[in-house]
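Colleague: I am new to this structure and would like a close look at a single part of it, the packing of the interior. Please take me through it step by step, and say how far the model can be trusted.

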Amino acid sequence: MKRKLRALNRVLVTLETYAVGVLLIAVCDVVLLQVLMRYLFAWPNPWSEEVSRFCFIWLSLLGASLAVARRTHFRFDQVTERLPPRARKAVETSAAAVVLLFAFVLIGTGIALMDLTMGERSAALNLPVALVYAAAPVSGVLMAIHLLAGGAGEGGGTSAPPSPQQPASTGEVG
């Protein structure tokens, strides 16, 4: 079971990484197109603002899920690294519980928002607004899977990956 969960987690992280990359490129391209059309041709696209906003919402929430998967979400490393091992483990477990609670809030709130906006359509693209709000429960489910897969691994999986080594300073300036 643990092996299947870790394999699912790896596949999901790969898919999320590609999706975030595509969404980032889409946001940049659409905003650049909007600026060019508005200032060079004096003809703003009516749909570009919606596309960039919708893509950015999905990008942000999938990025948050990836941060949970890679254990790079908001932390106080300077504080936790100075704690004794037992206290550090307790803090990391508590932090994982808070993130899991947040994931459940995302799922519940996102589903409620989707239900509330099920019949609404966006102004420019005529897309269902619920499609935009679907980013919240999808991200929450992914966060929960990443946390559970991390907890299924050796060592509990709640600690951060080792930080990269800083190059030694030679004392020279410029």
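Modeller: The surface gives the setting: the protein exposes about 11600 Å², and carbon and sulfur atoms supply 69% of that area. This is a predicted model, and every value below is computed from it. Of the 174 residues, 33% are buried. The protein has six helices and zero strands, so by the DSSP assignment its elements read α-α-α-α-α-α from the N terminus.

Now to the interior. The largest nonpolar core contains 14 residues, and V20, L23, C55 and L62 have the most contacts inside it. At least two residues of this core come from each of α1 (2–39), α2 and α6 (135–152).

C55 is a useful place to look more closely. Its relative accessibility is 14%, and because buried means under 20%, C55 counts as buried. Leaving aside residues up to four places away in sequence, C55 touches L23, A26 and V27. A general point about helices helps in reading such a list: an α-helix has 3.6 residues a turn, so residues three or four places apart point the same way.

Apart from this core lies another, of ten residues, which includes V68, A96, L106 and M143.

A second cysteine can be set beside C55. C28 has a relative accessible area of 44%; this falls between the limits of 20% and 50%, so C28 is partly exposed. The count of disulfides comes to zero.

The helix that holds C55 can be checked for its length. Helix α2 covers residues 48–69, which is 22 residues. At 1.5 Å a residue α2 should span 32 Å, and its end C-alpha atoms are 31 Å apart, so the two values agree. Just after α2, R71 takes a positive phi of about 55°.

Across the protein, many contacts link distant parts of the sequence. Among contacts with a separation of 6 or more, 75% join residues 24 or more positions apart.

Last, the confidence. The protein averages a pLDDT of 87, and 86% of the residues score at least 70. Over residues 152–169, however, the pLDDT is below 50. Beyond near neighbours in sequence, that stretch has 23 contacts in the model.

Notes: Residues numbered from 1 in each chain as written. Predicted model: local features only at pLDDT ≥ 70, side-chain atom pairs only at ≥ 80, totals over all residues. Heavy atoms only, no water. pLDDT = per-residue confidence, 0-100. Contact = heavy atoms within 4.5 Å. Helix = DSSP H or I, 4+ residues; strand = E, 2+ residues; numbered from the N terminus. Expected span 1.5 Å × (residues − 1). Buried < 20%, exposed > 50% of the residue type's maximum accessible area, 1.4 Å probe, protein only. Areas by Shrake-Rupley, 256 points an atom, 1.4 Å probe, with all protein chains shown as cover. Disulfide = S-S within 2.5 Å. Core = buried A, V, L, I, M, F, W, Y, C linked by side-chain atoms within 4.5 Å.
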